[in-house]
Amino acid sequence: ASHTCAVTAAGEVYCWGDNPDGRLGDGTRVAKTRPTKVTIGPVEAISAGSLHTCAITRTNEAMCWGANVRGQLGDGTTEVRVTPTPVTAR
C-alpha cells in the first residue's frame, strides 16, 4: 500500500513511498519520494506487504519492519518497527 522496495545485485535494499508506520525501514516515519537505503543485508529477496516489509538475508535470516498490529512482523509483539527486526521462531 503505497510503498516499493528493491534489492540491488549486491544485496542492498532501497525503499520509497508512504511511511507512516516505518514500512520503509529507514528508522523514520517520513515519506520518501526517492529510494532510501535500508540498513540490512546483504539480502536475497524482499516482499512489500500493504503496511510492512520483509526480507530474507543471504545468511537466511528473516527480517521484517513496519506496521505490526496483528503480529505480522513475526517478532512476537504488536509493536511498530521502523528498522529491520528479526523474525523469531517459537
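**View 1. Thr4 and Trp16 face each other across a strand pair.** In this predicted model, Thr4 sits opposite Trp16, a residue of E2. A little further along, Ala6 has Tyr14 of E2 as its opposite number. The two strands here, E1 and E2 (residues 13-17), run antiparallel and are held in register by 5 bridges. Follow the chain round the hairpin of E1 and E2 and you'll pass 5 residues between the strands, where Gly11 takes a positive phi near 90°.

**View 2. Strand E2 shows two faces.** Which residues of E2 point to one face and are buried? That would be Val13, Cys15 and Gly17, while Tyr14 and Trp16 point to the other face and are not buried. This is the usual habit: in a regular strand, side chains take turns between the two faces of the sheet.

**View 3. Three strands make an open sheet.** Zoom out a bit and the order reads E1-E2-E3, with antiparallel pairing. E1 (3-7) and E3 (32-38) are the edge strands with a single partner strand each, so one side of each has no neighbour in the sheet. Neighbouring strands in this sheet are turned by 20° against each other on average, ignoring direction. On the E3 side, E2 and E3 are joined in the antiparallel sense by 4 bridges, and Gly17 stands opposite Lys32 in E3.

**View 4. Ten residues form the largest nonpolar core.** The members are Cys5, Val13, Cys15, Leu24, Val38, Ile40, Val43, Ala55, Met63 and Trp65. E2 and strand E6 (62-66) are the elements that give two or more residues to this core. As a rule, nonpolar side chains in soluble globular proteins tend to be buried together. Pick out Ile40 and, leaving aside residues up to four places away in sequence, you'll find it touching Val13, Ala55, Thr57, Met63, Trp65 and Pro84.

**View 5. His52 is tucked in among several partners.** His52 belongs to strand E5 (residues 52-57). Is His52 buried or exposed? Its relative accessible area is 17%, and the cut-off for buried is under 20%, so His52 counts as buried. Setting aside neighbours within four places in sequence, the contacts of His52 are His3, Arg23, Ser47, Trp65, Gly66, Ala67, Gln72 and Leu73.

**View 6. Lys37 reaches over to Glu12.** These two make a salt bridge, with their closest N and O atoms 2.9 Å apart. The pair ties together distant parts of the chain: Lys37 is in strand E3, Glu12 is in the loop between E1 and E2, and 25 residues separate them. Lys37 is partly exposed, at 44% relative accessibility, and Glu12 is partly exposed too, at 28%.

**View 7. Two further salt bridges, Lys32 with Asp26 and Asp75 with Arg81.** The whole structure contains 5 salt bridges. In one of them, the side chains of Lys32 and Asp26 meet at 2.4 Å, N to O. That's the Lys32 of E3 that stands opposite Gly17 in View 3. Asp75 forms another with Arg81, where the closest N and O atoms are 2.7 Å apart. How accessible are the two ends of this pair? Asp75 is buried, at 11% relative accessibility, whereas Arg81 counts as partly exposed, at 25%.

Terms used:
Residues are numbered from 1 along each chain as its sequence is written. This is a predicted model: local features need pLDDT of at least 70, side-chain atom pairs count only at pLDDT 80 or more; totals for chains, interfaces and linings use all residues. Side-chain values use heavy atoms; hydrogens and water are left out. Two strands pair if DSSP finds at least two bridges between them. Axes are lines fitted to C-alpha atoms, for helices over the stretch in contact, and angles run from 0 to 180 degrees between N-to-C directions. Buried means under 20% relative accessible area, exposed over 50%, partly exposed in between (1.4 Å probe, protein chains only). Contact means heavy atoms within 4.5 Å. A nonpolar core is a set of buried Ala, Val, Leu, Ile, Met, Phe, Trp, Tyr and Cys residues joined through side-chain atoms within 4.5 Å. A salt bridge is a side-chain nitrogen of Lys or Arg within 4 Å of a carboxyl oxygen of Asp or Glu.
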